[in-house]
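Trainee: May we go through this model together, beginning with its open space and then turning to its interior?

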Amino acid sequence: MLVAEQLTKAYGRKTALHEASFTLSNGITGLLGPNGAGKTTLLRILSTYHQPTTGKLTLDGVQWSRKNMEHIRSLIGYLPQHVGLFPALTVREYLSYIGSMRGMDSRLVKERTEEVLHEVNLADKAREQVRSLSGGMKQRLGIAQAILHEPSLLLVDEPTAGLDPEERIRFRNLVKRLAFNRAVLLSTHITGDITMTCDRVFLMKQGRLEAHEHVHSVTGYASGRVWGLYAGREEYERLLGNPALFITDAAQQIGGGYNLRIIAQDEPCAGAELVQPTLEEGYMVWLNGN
């Protein structure tokens with residue numbers, strides 16, 4: 001378990017993270033927020049790349065300090081948004097290299113390499129060069145290097161960006177399996193990834209973190225504010241021109257009109273009916289100050 005108490009991070013006069021307190025236990029916690037919200041700052045602190053300006057971190061009962069930082073790092077796996085892969089190496093060679101860089105025993109590296117390749121469904125690609133892998137396979141290889149040393153905390157940054165729908169589903173299922181025996185923090189801007197994979201969600205805005213024990217509590221922000229309606233072309237164009245309304249989904253064209261979902265405090269037009277909000281709609285209401 002990870003326990004964070006009153007974490008802050010300041011860069012000169014700018015505070016990028018404000019007194020964040022939370023816990024992470026086994027399962028998947030989503031980290032959702034706009035660009036510049038502080039997500040990357042938090043991940044860099046948790047991955048030990050940066051030290052917090054103030055605050056306290058404890059992982060599996062061990063308090064973080066400079067003297068035991070190597071031990072702390074042995075408990076953490078990290079898949080950054082742009083993982084460094086070596087295209088000329090084979091998949092097996094790459095994992096062997098990562099294991100040696102981590103100071104793992106050579107016999108253990110060999111054993112764990114075969115185990116994680118099966119775990120991420122890349123055993124049949126072990127002898128192929130990294131450059132030959134698809135985008136989804138490279139992401140799975142990125143996960144393999146992050147769990148090679150069997151960490152108790154796994155940090156994953158924007159893992160499905162650029163993946164096709166099939167690879168995205170495959171990756172989500174992989175992360176779900178990995179979360180049975182470790183804590184996973186999944187940072188993403190894709191609300192569908194959080195809806196489909198996460199047990200809890202952290203929302204971030206302007207460096208401030210808000211923890212929610214279930215994604216449904218975020219959805220609740222939009223309760224009574226999401227309207228569904230069928231609109232003709234002229235009505236659709238009129239609604240698009242209203243800055244007070246927020247049309248959340250791409251309009252589905254049916255016949256001569258469109259099925260719409262609109263966030264609005266009051267009924268946007270005749271015929272609109274309240275519908276069950278999604279996580280994305282709840283997040284958008286929260287992001288814009290309720």
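**Pocket and core**

Trainee: Which elements each supply at least two residues of the lining of the largest pocket?
Mentor: This is a predicted model, with residues numbered from 1 along each chain, local features needing pLDDT of at least 70, side-chain atom pairs pLDDT 80 or more, and totals for chains, interfaces and linings using all residues. Side-chain values use heavy atoms, without hydrogens or water. Lining residues have an atom within 4 Å of a pocket point (1 Å grid, 1.4 Å probe, open, protein on both sides within 12 Å along at least five of seven lines). By DSSP runs (helices H or I, at least four residues; strands E, at least two), the suppliers are β2 (14-24), α1 (39-46), α2 (69-73), β6 (76-79) and α3 (91-101).

Trainee: What is the volume of the largest pocket?
Mentor: Volume is the space filled by probe spheres set on the joined grid points. For the largest pocket this comes to about 1,000 Å³.

Trainee: Which residues lie closest to the centre of the largest pocket?
Mentor: The lining holds 39 residues, and α1 gives the most, with 4. Closest to the centre are Ser 47, Thr 48, Tyr 49, Tyr 78 and Pro 80.

Trainee: Where does the largest nonpolar core lie?
Mentor: This core (buried Ala, Val, Leu, Ile, Met, Phe, Trp, Tyr and Cys joined through side-chain atoms within 4.5 Å; buried is under 20% relative accessible area, 1.4 Å probe, protein chains only) has 48 residues. Helix α5 (residues 135-147) gives the most, with 6. Both assigned domains contribute, so the core lies between domain 1 (2-219) and domain 2 (222-288).

Technical notes
Buried < 20%, exposed > 50% of the residue type's maximum accessible area, 1.4 Å probe, protein only. Domains from an automatic or database assignment.
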